[in-house]
Amino acid sequence: MSYWGLNFFGVIKHFFYTFASFIAGNCSIENLAIDEIQVLVLVFIGISCALIGSFLVLRKMTMLANSISHTILIGIVIAHVILQWFFFKDIEKPFQIDMQLLMLASFISSLLTLFLTDFFNRVLKLQKDASIGLVFTVLFAIGIVLVTIFTRNSHIGSEIIMGNIDMVHKDDLKIALFLLLSNVLLTVVFFKEYLITSFDSNFAKLSKISNWAFTYLLLLQTSATVIGALRAVGVVLVLALIVIPPLTARLYTNRLRSMILLACLTSALGAIIAVALSRHFLSVYGLPLSTAGLVVVCQFFIWGASVLFAPKKGVLAKYFFNAVSRVTAANPS
Amino acid sequence: MNKLIPFWEFFTDPVLQASTISSMLMCLASSIMAVIVFIKRRSLIGEALSHATYPGIALSVLMCAGLFTKAPGVFPFVLLIGALISSLLGMRLITFMEEKLSVKSDSALCFVLSTFLGFGVFFASRLQFSHPIWFQKIQMFLYGQAATMLSIHVILYAILTLIIALFVVFLFYQIQAIGFDKMYTKVLGLRVNLIESLTLILIVIAVVIGIRSVGVVLMSGMLIAPAAAARQLTNNLSKMFLFSGLFGVISGFLGNYFSVNLSIYLMQVRPLWRVSLPTGPMILIVAACITFLCLILAPNRGLVTRLYRRQKFQLKVLRENILKEMYKTGSGQSFIQLGRRHRIFAPILLIVVCLMRLQGWISKENKLYILSDKGTKKACRIIRLHRLWEVYLYTHLGYLAENVHKSAEEMEHIITPNLEKKLSQLLKDPKLDPHDQIIPAGDG
């Protein structure tokens, strides 16, 4: 392990050194150390999440992302059963996230969530918050029961929730890269449609842009990202990466484009700092800490600092602005 | 254990007793608070608050692992307090984000739940290698383990549930007033802020009781399902509390019952599987089934009732249209002619015709349907309503004569006898409609 025994700055320095030599062509993918793969997976997933998250936050749909993060369980179980029963005839095979499962499961879970939530809300006339909450908790409960029946063990919990970033390997890097590319591609291609449907659904209707289709596409992207990131970083981290960076970016800017870029930047920054910190703790204090947890903590502190120090919307800026205006109001000269 | 356990043994058997009673208490507490969050339309707050307990649990376990290893009796209390504090912090953060930073409510909830769970994971990972047994205990809270509850839990939860029930009983009118009109309540001089913060603390308490048996993740479901079911059955807030509490208790019991007995049953059928179904998800699935049934079958608001009402109205409109048409043609018509003229699917037409014959509006002669006296009277009345409405639109609302027909086509099925009388008084019992057609007299 090339990162053994390095402290915070050492890790960052070493990472950028390797990264530069990788860009320069002196280093191939096979030579990457596990720490570099970790950083890359986290950065890729972080950028994917920030792209989706910006739209989700704007559309007030983050709770649906939360639903998705629960319903992927049932999606994965159903997809696993379908694949194993109909294609491989090997039901005893343990769960493993590969490309086929990822695709199928994300289709199933996003479709189930959106369809059922809509069904409860529109057809059964249950108020919106209650139908969101009811649908995902129940699907999650059914998912747990199914998993218990298929794997004889109800404690699949900790892996799904926290992920296992210390066990990532090159396959995860491929999945993360695939997710990143498809998310970037979809966002670039459909940027205008997303923009219009997020801000003005009536105008979207007039422009013949299907609101429903883009809501579904966004949820599909969300569920694919959540599932792809599941093994590496876990559900919580994905959710945190979906919500926190866009909210941080929102403090600095009002423009969508700059908000998305800033969100990507903060989530990448958070990932690098978190990995560096976890190595620092391990080598300096001998404390093994969950890297996924550390990423959330770092993102939270970046957000917290932004709340305090952001130029216009920050708490301090507002305080000073108020104080100055009070003073000028008192002495108009 | 190969026989199914009868339900009374869940209360007498020393092993099952504690877990059954405490799950029922927990469900009671959460279903009472569920009503309050439901009428405030903030059902998802349970989701955020239950996740927000996790870092508190992890930290207090961390403390226990360091300090109280000799006194395991203190453990539940320390956990409870830790969970309470961190959940309240989560609550504060949500209100801060919504009020001071004007973050949308859904983002604030999602932010708090993911951040707090992330912190919890962070603290828990500290324990993972140093104290693996305690780490197991933290993991238990994610999914809940009703089966490991002791009698001390029962006593603790009984007290907390009692506090919640007393709160609702004594402050019922205040809760009702705040739930329906906050500003008015403030004007009345009731202490809205105090009651609201008390409510939040009690929601947190209900969550903290719940996570032990159904787990962090499913707790939010128990804060929604019973209230949603109760809402379908009644409009009255006090009845809603009662129904919700009842559903909560029932699902608490049945969840335990099924998780034990289904596991035994599966053991008999598939001995190799060795499945033991978790209690928390079973409780929630039972609660959700109750809610689903209520949503579909509830007497006034259920899906079936609403569909039935709509279908009934559509059939009425169809019958009246056929009647009107037959009256205008004057001669008898065969079944096939009717079907062609109205473009109706034959089985439906059969039902409609049978209904009309039962009502005595039409009779059948030589395979032709003709109007009876009663039917003629009815048809006259429909035409009268149609033309009266046309006159009203024309004279009083300034419609053009060529535009009034379409609205009258709809209104003729809706106008009640009372409204007809008022209309005819207002229009001074007109004899001709805007198209110069005769309006039949009121008594046919």
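This report describes a predicted model with chains A and B, going from confidence to the contact between the chains and then to single elements and residues.

Residues are numbered from 1 along each chain as its sequence is written, while chains are lettered from A and ligands numbered from 1 in the order in which they are written. Because the model is predicted, local features need pLDDT of at least 70 and side-chain atom pairs count only at pLDDT 80 or more, whereas totals for chains, interfaces and linings use all residues.

## Confidence

The model has an ipTM of 0.88 and a pTM of 0.85. The table gives the pLDDT values, pLDDT being the predictor's confidence in each residue, from 0 to 100. Helices (H or I, at least four residues) and strands (E, at least two) are DSSP runs, numbered from the N terminus.

| Chain | Mean pLDDT | Residues at 70 or more | Element with lowest mean pLDDT | Element with highest mean pLDDT |
|---|---|---|---|---|
| Chain A | 83 | 87% | α6(A), 59 | α12(A), 91 |
| Chain B | 85 | 96% | α6 (residues 132-143), 73 | α12 (residues 225-233), 93 |

## Chain A and its contact with chain B

Chain A contains 13 helices and 0 strands. Of its 333 residues, 48% are buried. A residue is buried if 20 or more other C-beta atoms lie within 10 Å of its own, exposed if 12 or fewer, and partly exposed in between, with C-beta atoms placed from the backbone. Two residues are in contact if their C-beta atoms, placed from the backbone, lie within 7 Å. Among contacts in chain A between residues at least 6 apart in sequence, 75% join residues at least 24 apart.

The contact between the chains involves 50 residues from chain A and 48 residues from chain B. On the chain A side, the elements that give two or more residues are α3 (62-88), α5 (128-151), α6 (157-162), α10 (211-252) and α12 (291-309). The largest share, 14 residues, comes from α5(A). By type, the chain A side divides into 34 nonpolar, 12 polar and 4 charged residues. Here Ala, Val, Leu, Ile, Met, Phe, Trp, Tyr, Cys and Pro count as nonpolar, Asp, Glu, Lys and Arg as charged, and the others, Gly among them, as polar.

## Two residues of chain A

A:I242 lies in helix α10 of chain A. A:I242 counts as buried because 33 other C-beta atoms lie within 10 Å. Leaving aside neighbours within four places in sequence, A:I242 is in contact with A:C49, A:I52, A:G53, A:L56, A:T62 and A:A65. A:I242 and A:N66 are 176 residues apart in sequence, yet their C-alpha atoms are 9.6 Å apart in space.

A:V81 is in helix α3 of chain A. A:V81 counts as partly exposed because there are 13 C-beta neighbours inside 10 Å. From A:V81 to A:H14 the separation is 67 residues in sequence and 44 Å in space, C-alpha to C-alpha.

## Helix α7 of chain B

Helix α7(B) (residues 151-170) has 20 residues and reaches 29 Å from its first C-alpha to its last, close to the 28 Å expected at 1.5 Å a residue. The expected span is 1.5 Å times one less than the number of residues. Within α7(B), the residues B:H153, B:Y157, B:T161, B:I164 and B:F167 are buried. They are on the same side of α7(B) because they cover an arc of only 115° around the axis; the arc is that of the directions from the helix axis to the C-beta atoms. The buried residues of α7(B) pack against α2 (14-39), α4 (75-100) and α10 (192-214) of chain B. On the face turned away from the buried side are the exposed residues B:S151, B:I155, B:I159, B:L166, B:V169 and B:F170.

## A hairpin in chain B

Strands β1 (residues 362-365) and β2 (residues 368-371) of chain B run antiparallel and are joined by 4 bridges. Two strands pair if DSSP finds at least two bridges between them. B:E365 has B:L368 in β2(B) as its bridge partner. β1(B) and β2(B) form a hairpin with 2 residues between them, and B:N366 in the turn has a positive phi of about 50°.

In a regular strand the side chains alternate between the two faces of the sheet. Along β2(B), B:Y369 and B:L371 point to one face and are buried, while B:L368 and B:I370 point to the other and are not.
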